[in-house]
Amino acid sequence: MEPKFLLLLLLYFSTLAMSAYNVVDFGAKPDGKTDSTKAFLLTWAKACGDKNPATMVVPSGPFLVGRALFQGPCNNNKLGLVIKGTILGKTDYSTASEWITFKYVKGLSIYGGTFNARGQSLWACKAAGRNCPNGSTALTISQAKNVLLSKVKVQNSQNFQIAIIFSQEIKVEGATITAPGNSPNTDGIHIHMSSFITITGSAMATGDDCISIGEGVSNAWIENIKCGPGHGISIGSLGDGTGTTMVQNVTVSSVVFTGTQNGFRVKTWATPSSNGFVRDITFQHGTMKNVGNPIMIDQNYCPVPGNCPNQSSGIKISQVTFSDVHGTSSTQVAVKLDCSKSNPCQGIQLTNIKLSYNGKNHKLAKSFCRNVKGKNSGFVVPPSCL
């Protein structure tokens, strides 16, 4: 972590007269070998139990930590966690779905540090086709409110890198999230059943989506993101069951995609038993650098060929805008809007689109539309099929 940033943090905490609890004082060892899980949980219990503003401090050095649940509610709503070192996960794997979890907390701010989940052994298990668990999410924010993640680094998760679930007023700023391109299901940030989520100024390169937005998400603002390599930024996949799902009021702005499979994407399963909606979505100011599918709505998602014959998505998609998207596509179909035949997309708008195909023979980029109603404004290249 930058020294200037640390100094500002110390000044901030001093003005609040915060009590400070250092994990080393509770038995943690910065050697990367000694299991410090108990010491971390004891430190959290002290900070969380303090009736005054408090901070938990993880000093420099690698700390080995196993499955850890940092649980509230706490006795104060101004709790800080300052991490100067690296938190290492264990190299084995289990059926646990989460590694580090913050649950039932309110008013928590996490500054700096690296969470290295070391998921390589599970990836190898999956690559070999053995019977493996799904893996753990590295960092989970669950049923929480008013939480800040600032300048954290998360890497090498077994599954999702960061998950925000059943929470409100969560902000992620200046995060760096990495995993190899062949690491399965390692989405950078996954959001589920949460509202008023902000993600800004962050960089992600993973084996799956940089950011995935699941069901029950509303009022999300995502801005100034560097994405790639990876799968892009996706709403979905949605509608793989029989319940009702909704996603609404989401803005994704100022994203640079580099070598990703997709750019801005909405995808729903081709299953009529699902129902719900995706509406009031804005994708804007996107830069595409050799991106597979720069603009995409896919309502015929069926990852196992033959499993969805002659079926149609029950999710209704409306009022989706793609604005100021430019750059290069690695596939000739740079704009693909493939909507449900039983629930055609409504109110789709393309504004100021300029995408070129960088493949062989200098062919022109194309658009593909099916079961979609909308309009164009400003220039649209390739020629729109709306």
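## Thr268, a buried spot in strand E22

Thr268 comes out at 0% relative accessibility, so this residue counts as buried (buried is under 20% relative accessible area, exposed is over 50%, and partly exposed sits in between, using a 1.4 Å probe and protein chains only). You'll find Thr268 in strand E22; helices (H or I, at least four residues) and strands (E, at least two) are DSSP runs, numbered from the N terminus. Bear in mind that this is a predicted model, where local features need pLDDT of at least 70 and side-chain atom pairs count only at pLDDT 80 or more, while totals for chains, interfaces and linings use all residues. Residues are numbered from 1 along each chain as its sequence is written, and side-chain values use heavy atoms, with hydrogens and water left out.

What does Thr268 touch? Leaving aside residues up to four places away in sequence, its contacts (heavy atoms within 4.5 Å) are Leu238, Asp298, Gln299, Asn300, Tyr301, Ser313, Ile315 and Ile317. With Ser313 there is also a side-chain to side-chain polar contact of 2.9 Å. That term means a pair of N or O atoms within 3.5 Å; within protein, one must be able to donate a hydrogen and the other to accept it, and residues adjacent in sequence count only if both atoms are side-chain atoms.

## A buried salt bridge partner in E22

Scanning the whole structure turns up 5 salt bridges, each being a side-chain nitrogen of Lys or Arg within 4 Å of a carboxyl oxygen of Asp or Glu. One of them pairs Asp209 with Arg265, with the closest N and O atoms 3.3 Å apart. Asp209 belongs to the loop between strand E17 (195–205) and strand E18 (211–213), and Arg265 to strand E22 (residues 262–269), so this bridge ties together parts 56 residues apart in sequence.

Buried or exposed, how does each partner count? Asp209 is buried at 2% relative accessibility, and Arg265 is buried too, with a relative accessible area of 10%.

## Two partly exposed pairs

Lys90 and Asp35 also form a salt bridge through their side chains, at 2.8 Å from N to O. This pair links distant parts of the chain, 55 residues apart: Lys90 is in the loop between strand E6 (86–88) and strand E7 (98–103), and Asp35 in the loop between strand E1 (19–22) and helix H2 (37–49). Lys90 is partly exposed at 34%, and Asp35 is partly exposed at 40%.

Then there's Lys171 with Glu173, another salt bridge, whose closest N and O atoms are 3.5 Å apart. Lys171 counts as partly exposed at 37% relative accessibility, as does Glu173 with a relative accessible area of 26%.
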